[in-house]
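Reader: I've got a model open and a pile of labels to make sense of. Can you walk me through how each one is earned?

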Amino acid sequence: MTIIDGKKISEDILNEISLEVEQRTNKGYKTPHLAAILVGDDGPSQTYVNSKINACKEVGFKSSLFKYDNNITEKKLLEEIGKINNDDDIDGFIVQLPLPNSINQENILNCVNPNKDVDGFHPINYGKMTLGIDSFVPATPHGILELIKRYKIDLNGKKCLVIGRSQIVGRPISILLSQSKEFCNATVTLAHSRTLNLNELTLDADVIISAIGRPEFLTENMVKEGSIIIDVGISRVKDDNSNKGYKIVGDVDFKNVSKKTSFITPVPGGVGPMTIAMLLRNTLLACRKND
Ligand code: NAD
């Protein structure tokens, strides 16, 4: 059994990005610049945005954080996005989700300039990804693909079950893995909360990608010998032995499931660290297009 080390791979990617930034600077090219929009004071959102900003510093990117009150109107936020769309120094930006209920998320994401949409959520980029045309691929599914490639796991013809159909993880990874591209070509099934007889599907799958957010949902009796397991879930569970009072666990009962697998990602240290690395890679890509 191989534990897929997302922390190591993400560090490799960040090092590759740093090197390219250094080379660009030496040649007089522009420093990549990522901006983040944060609305309100949601704790986890602030943590995620801070990690993205810190990662920018680590690789030598410029970064900007635009913070707005919870009560900003949709109209005002659209105006602010318009300004960022037109700011030539900003190569890419993200709108940290979720947004307050008073704001229509779709209207906001549709207003992001597709050339700066490094999260890959604009319909133009999402459509291109679906058609297999080069585009900004959403960071988490992109990170999963990168882990698969770097561990040389060929999914050609394998039965791959994706659990969870969110727009940001489950659906895009199901599309990507079914495409006729290197390491992909899987036969994909997309399961969700309305799926019947999930156990039958999990037991039949060569590969399971779980993105549902239910702590240790996938148990030993649900997977077959030799399967490949990618755990995207991140849940906080109470832990009296930790100073924080909680620990982070994935969707998979790692301790028992890992014994039956050929490859498995841990949580933390699997898919999680890849997400930021791929966001920065998309930003570098956006910057290169402006050269
Ligand atoms: P979500 O929370 O929007 O939706 C959950 C999905 O799971 C839904 O499609 C639902 O149909 C499905 N689901 C729920 N219970 C199910 C069940 N019992 N059986 C089958 N399907 C079920 O999804 P999300 O935003 O993709 O997040 C999923 C998990 O992944 C969360 O824990 C989230 O924190 C984590 N996540 C991690 C990263 C990362 O960087 N590693 C990135 C994004 C999300």
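**How the labels are earned**

Author: Let's start with helix H10: Met274, Ala277, Met278, Leu279, Leu280, Asn282, Thr283, Leu284, Ala286 and Cys287 are buried there. One caution: this is a predicted model, where local features need pLDDT of at least 70, side-chain atom pairs count only at pLDDT 80 or more, and totals for chains, interfaces and linings use all residues. Residues are numbered from 1 along each chain as its sequence is written, and side-chain values use heavy atoms, with hydrogens and water left out.

Reader: What makes a residue of H10 such as Met274 "buried"?

Author: Buried means under 20% relative accessible area, with exposed over 50% and partly exposed in between (1.4 Å probe, protein chains only). Met274 is listed as buried. What covers the buried residues of H10 includes helices H1, H2 and H6 and strands S2 and S4; helices (H or I, at least four residues) and strands (E, at least two) are DSSP runs, numbered from the N terminus.

Reader: How do you know that the span of H10 agrees with what it should be?

Author: The expected span is 1.5 Å times one less than the number of residues. H10 has 18 residues, so it should span 26 Å, and its end C-alpha atoms are 27 Å apart, which agrees.

Reader: Why is Asn185 called partly exposed?

Author: Its relative accessibility is 31%, so Asn185 counts as partly exposed. Asn185 sits in the loop between helix H7 and strand S6, and has a positive phi near 55° without being a glycine.

Reader: And what makes Glu216 partly exposed?

Author: Glu216 comes out at 39% relative accessibility, so it gets the partly exposed label. Glu216 also has a positive phi, about 50°, though it isn't a glycine; look for it in the loop between strands S7 and S8.

Reader: What makes the contact between Ser166 and the ligand a polar one?

Author: A polar contact is a pair of N or O atoms within 3.5 Å; within protein, one must be able to donate a hydrogen and the other to accept it, and residues adjacent in sequence count only if both atoms are side-chain atoms. A side-chain N or O atom of Ser166 is 2.6 Å from a ligand oxygen, so the pair qualifies. A backbone N or O atom of Ile234 lies 2.9 Å from an oxygen atom of the ligand, so that pair qualifies too.

Reader: What makes the bond from Leu97 to Pro98 cis?

Author: Its omega is near 0°. Pro98 lies in the loop between S4 and helix H4.

Methods
Contact means heavy atoms within 4.5 Å.
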